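Here is a friendly walk through one protein chain, to be read with the model open beside it. Feel free to rotate the view as each residue comes up.

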Amino acid sequence: MAENFSIEHSRTKITEVKKTIEDKKQKLDELKQQKKSLMDAGLALDSSNLDSAVQATLMESINDSLRDVENKAYDVSKDANQNLQSLEPVSYTHLTLPTIA
């Protein structure tokens, strides 16, 4: 347990982590949309009438962008997990009333 434990400190920390997690979730949603757009672009490119060398170059660029999006999503997820792990378990045993025998 933390040396300077207080219920208010715990509430503040939980509020901060919730906000951070919501921000990370929004970022993941944005990355998901980017991935979908890139996948759609790849499908459109595949059925286009462009020269095969041009298609290959564009497809390589799309694949690089997809890898970048996946790496960003991994980093965001990892950060969110670290935020969750920063929460310390709280023991409420010191708040219980003594039993009257």
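## Starting at Ser-61

Ser-61 counts as partly exposed, because its relative accessibility is 40%. The residue is found in helix α2. Across from it, Gly-42 makes a good reference point: the two are 19 residues apart in sequence, and their C-alpha atoms are 9.8 Å apart in space. Gly-42 itself is one of the buried residues of α1. Please keep in mind throughout that this is a predicted model.

## The overall picture

The protein chain has 2 helices and 0 strands. Helix α1 covers residues 7–46, and helix α2 covers residues 52–85. For α1 there is a simple check on geometry: at 1.5 Å a residue, its 40 residues should span 58 Å, and the end C-alpha atoms are indeed 58 Å apart, so the two values agree.

How much of the chain is buried? Of its 101 residues, 13% count as buried. The chain exposes about 8,200 Å², and carbon and sulfur atoms supply 54% of that area. Contacts over long stretches of sequence feature strongly here: taking contacts between residues at least 6 apart, 78% join residues at least 24 apart.

## Where the helices meet

In α1, the buried residues are Ser-10, Val-17, Leu-31, Leu-38, Gly-42 and Leu-45. What covers them includes α2.

Which residues make up the largest nonpolar core? It has 8 of them: Leu-31, Leu-38, Leu-45, Ile-62, Leu-66, Val-69, Ala-73 and Val-76. Both α1 and α2 give two or more residues to this core, and the largest share, 5 residues, comes from α2. As background, nonpolar side chains tend to be buried together in soluble globular proteins.

Ala-73 is a handy core member to zoom in on. Leaving aside neighbours within four places in sequence, Ala-73 is in contact with Leu-28 and Leu-31. Of these partners, Leu-31 also belongs to the core.

## The other end of the pairing

Gln-55 also lies in helix α2. Is this residue buried or exposed? Gln-55 counts as buried, because its relative accessibility is 18% and the cut-off for buried is under 20%. Apart from residues up to four places away in sequence, Gln-55 touches Leu-45, Asp-46, Ser-48 and Leu-50. One of these, Leu-45, is a member of the largest nonpolar core.

## Salt bridges between and within helices

Side chains of opposite charge can pair when their charged atoms come close. In this model the count comes to 7 salt bridges, and three of them are worth a visit.

Begin with Asp-79 and Lys-24, whose closest N and O atoms are 3.7 Å apart in a salt bridge. Asp-79 lies in helix α2 and Lys-24 in helix α1, so the pair ties together parts that are 55 residues apart in sequence. Asp-79 is partly exposed, with a relative accessible area of 34%. Glu-70 and Lys-35 form another salt bridge, at 3.0 Å from N to O. This pair, too, links distant parts of the chain, with Glu-70 in helix α2 and Lys-35 in helix α1, 35 residues apart. Both partners are partly exposed: Glu-70 has a relative accessible area of 37%, and Lys-35 has a relative accessibility of 35%.

The third example stays within one helix. Lys-36 and Asp-40 meet in a salt bridge at 3.0 Å, N to O. Both lie in helix α1, 4 residues apart, about one turn of the helix. Why does that spacing suit a pairing of side chains? An α-helix has 3.6 residues a turn, so residues three or four places apart point the same way. Lys-36 counts as partly exposed at 45% relative accessibility, and Asp-40 is partly exposed with a relative accessible area of 38%.

## A nonpolar patch on the surface

One last stop is on the outside. Ile-14, Leu-84 and Leu-87 form a nonpolar patch on the surface, with about 240 Å² of accessible area together. Ile-14 is found in helix α1. Its relative accessibility is 40%, so Ile-14 counts as partly exposed.

Key:
Residues are numbered from 1 along each chain as its sequence is written. This is a predicted model: local features need pLDDT of at least 70, side-chain atom pairs count only at pLDDT 80 or more; totals for chains, interfaces and linings use all residues. Side-chain values use heavy atoms; hydrogens and water are left out. Patches are made of residues with over 30% relative accessible area and no salt bridge: like charges are joined within 9 Å, nonpolar side chains (Val, Leu, Ile, Met, Phe, Trp, Tyr) within 5 Å. Accessible areas come from the Shrake-Rupley method with a 1.4 Å probe; for residues, only the protein chains shown count as cover. A salt bridge is a side-chain nitrogen of Lys or Arg within 4 Å of a carboxyl oxygen of Asp or Glu. Buried means under 20% relative accessible area, exposed over 50%, partly exposed in between (1.4 Å probe, protein chains only). Contact means heavy atoms within 4.5 Å. The expected span of a helix is 1.5 Å times one less than its number of residues. A nonpolar core is a set of buried Ala, Val, Leu, Ile, Met, Phe, Trp, Tyr and Cys residues joined through side-chain atoms within 4.5 Å.
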